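Student: Could we go through this structure together, step by step, before I take anything from it to the bench?
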Amino acid sequence: MKIKVLKRFNDRITKERKNVGDICEYTDDRAKELISNGFAVEHKAADKK
């Protein structure tokens, strides 16, 4: 699942800093955890035609 970062955080699993506006790919479980904690929202790419 792709997410868009809303609050800067250090990922406890990858040890990387994620900045506001970053688009990241995570497993569904990890993405839902970050979303529920207010760090991110689900990113839905616009259809390009």
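Tutor: Helices are DSSP runs of H or I with at least four residues and strands are runs of E with at least two, both numbered from the N terminus. Please keep in mind that this is a predicted model.

Student: How many helices and strands does the protein chain have, and which pattern do they follow along the sequence?
Tutor: Counted in that way, the protein chain holds 1 helix and 5 strands. Read along the sequence, these elements come in the order β-β-β-β-α-β.

Student: What percentage of the residues in the protein chain is buried?
Tutor: A residue counts as buried when its relative accessible area is under 20%. Among the 49 residues of the protein chain, the share that is buried comes to 22%.

Student: Is Ala 45 buried or exposed, and where does Ala 45 lie along the chain?
Tutor: Ala 45 lies in the segment after β5, the strand that covers 40-42. The cut-off for an exposed residue is over 50% relative accessible area. Because the relative accessibility of Ala 45 is 61%, Ala 45 counts as exposed.

Student: How far apart in space are Ala 45 and Glu 33?
Tutor: In sequence, Ala 45 and Glu 33 are 12 residues apart. In space, taken from C-alpha to C-alpha, the distance between Ala 45 and Glu 33 is 20 Å.

Student: How far apart are the centres of the positive and negative side chains?
Tutor: The protein chain carries 13 positive and 9 negative side chains, and each set has its own centre. The distance between these two centres is 5 Å.

Definitions and conventions
Residues numbered from 1 in each chain as written. Predicted model: local features only at pLDDT ≥ 70, side-chain atom pairs only at ≥ 80, totals over all residues. Heavy atoms only, no water. Buried < 20%, exposed > 50% of the residue type's maximum accessible area, 1.4 Å probe, protein only. Lys, Arg positive; Asp, Glu negative; His and termini not counted. Charge placed at Lys NZ, Arg CZ, Asp CG, Glu CD.
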